[in-house]
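Please find below some comments on the model, set out as numbered points that can be checked against the coordinates.

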Amino acid sequence: MPDVKLAIGGLPLVFEGGRSVAQAMELPGFAVFAIRHEAAHPVRFLLDRKVGPTCLNERHRFEILDGNAICRFGTDTEGHYLYLFGDSEGVRFDPRRPDEAEISPMDDPNKLRFALWLSYCMTGIAHGRLPIHSSAVVCDGRAVLCLGESGTGKSTHTRLWLENIPGTHLLNDDSPILAIMPDGRTEVYGSPWSGKTPCFRQEHHPVAALLRLEQRPQNSIRRLSALEAFAALQPSCPPAMAHDERCLDLVVRFVSEVIGPTPTYRLGCLPDAAAAQLSHSTIYGS
């Protein structure tokens, strides 16, 4: 199949390979981000490559696809990063070549979707882009990212904004992409990774605030200090990257640049309209 050109998170990409390129473009959401013209220096995802180490220095392993598979993260003897599902399916990334990632053939489309996300994490951070585990809602042309562990009510809180705050729409419900712009501003982009909610928007907005959620018996909100803001955002970054010193250093720099100009709040909340109205009025001053 011919190469496919995309723009995700403001980052130009090219998918190169054979049948996996067509398979990738059949995944929900990816066609939304296709573009006609290749940029001068795109990031290349090289699909249908052989990926598998002779020896893996494993740094982390975690469950994926609702616990149906295990991913192992580490480095091989040549210093490549690898995310492996089994022995031969996965992603290889050479930190000396930050504008490309290699991805093996995968029969399971959910594994391919996850492999593309991992590839974006590893290449995107070199360009000031990083997927963030959050639910992002847009109001008055600016976005709020709801952060928190799984089950803390991120999707519920953004739904409450949609139901109770006029002129609001959902940007992404699982993995929007934070981007540090050349002038230091932070913007957030839609992405083809949106969890169980099909929301794939090729748009981007300035970030009004980051909102870390905690379930509480009553609603309250507080702006966080810089150190607290760092602790609020960092756990929502791709978790495996925290298990490697070089990757973690990039994440720390990224988070530090984001929180500088970006107000960050902690919302203790009930799952009710009053919580949405409190966070909206605090962030937007209305």
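**Notes on the aromatic cluster, the sheet and a helix pair**

1. In this predicted model, a single aromatic cluster is formed by Phe 15, Phe 30, Phe 45, Tyr 120 and Trp 193. A search of the whole structure finds 10 aromatic pairs, and one of them, the pair of Phe 15 and Phe 45, has its ring centres 5.6 Å apart and its ring planes at 15°. The pair is classed as stacked because planes under 30 degrees apart count as such.

2. As to where these two rings sit, Phe 15 belongs to strand E2 (residues 11-16), while Phe 45 belongs to strand E3 (residues 43-46), so the stacked pair ties together parts that are 30 residues apart in sequence. Phe 15 has a relative accessible area of 0% and is buried; Phe 45, at 1% relative accessibility, counts as buried too, given that the cut-off for this class is under 20%.

3. The strands that carry this pair are themselves joined, since E2 and E3 pair in the parallel sense over 4 bridges. Within this pairing, Glu 16 has Leu 46 of E3 as its bridge partner. Helix H1 (residues 19-26) packs on the sheet, where it touches E1 and E2, and its direction makes about 130° with that of E2.

4. Turning to the sheet as a whole, 8 strands form an open sheet with mixed pairing, and their order is E1-E2-E3-E8-E7-E6-E5-E4. Strand E1 (4-8) and strand E4 (57-64) are the edge strands, each of which pairs on one side only. On average, and with direction ignored, neighbouring strands of this sheet are turned by 20° against each other.

5. A separate point concerns a pair of helices. Two packed helices are described by the angle between their axes together with the distance between the axes. For helix H3 (residues 154-164) and helix H6 (residues 273-284), the packing angle is about 80° and the axes are 9 Å apart. H3 is therefore roughly perpendicular to H6, a class that covers angles from 65 to 115 degrees.

6. Which residues make the contact between these two helices? H3 contributes His 157, Leu 160, Trp 161 and Asn 164, and H6 contributes Ala 273, Ala 275, Ala 276, Gln 277, Ser 279, His 280 and Tyr 284. By residue class, the contact of H3 with H6 divides into 6 nonpolar and 5 polar residues, with no charged residue taking part.

Conventions. Residues are numbered from 1 along each chain as its sequence is written. This is a predicted model: local features need pLDDT of at least 70, side-chain atom pairs count only at pLDDT 80 or more; totals for chains, interfaces and linings use all residues. Side-chain values use heavy atoms; hydrogens and water are left out. Axes are lines fitted to C-alpha atoms, for helices over the stretch in contact, and angles run from 0 to 180 degrees between N-to-C directions. Angles under 35 degrees count as roughly parallel, over 145 as roughly antiparallel, 65 to 115 as roughly perpendicular and the rest as oblique. Contact means heavy atoms within 4.5 Å. Ala, Val, Leu, Ile, Met, Phe, Trp, Tyr, Cys and Pro count as nonpolar, Asp, Glu, Lys and Arg as charged, and the others, Gly among them, as polar. Rings of Phe, Tyr and Trp (its six-membered ring) pair if their centres lie within 6.5 Å; planes under 30 degrees apart count as stacked, over 60 as edge-to-face and the rest as tilted. Buried means under 20% relative accessible area, exposed over 50%, partly exposed in between (1.4 Å probe, protein chains only). Two strands pair if DSSP finds at least two bridges between them.
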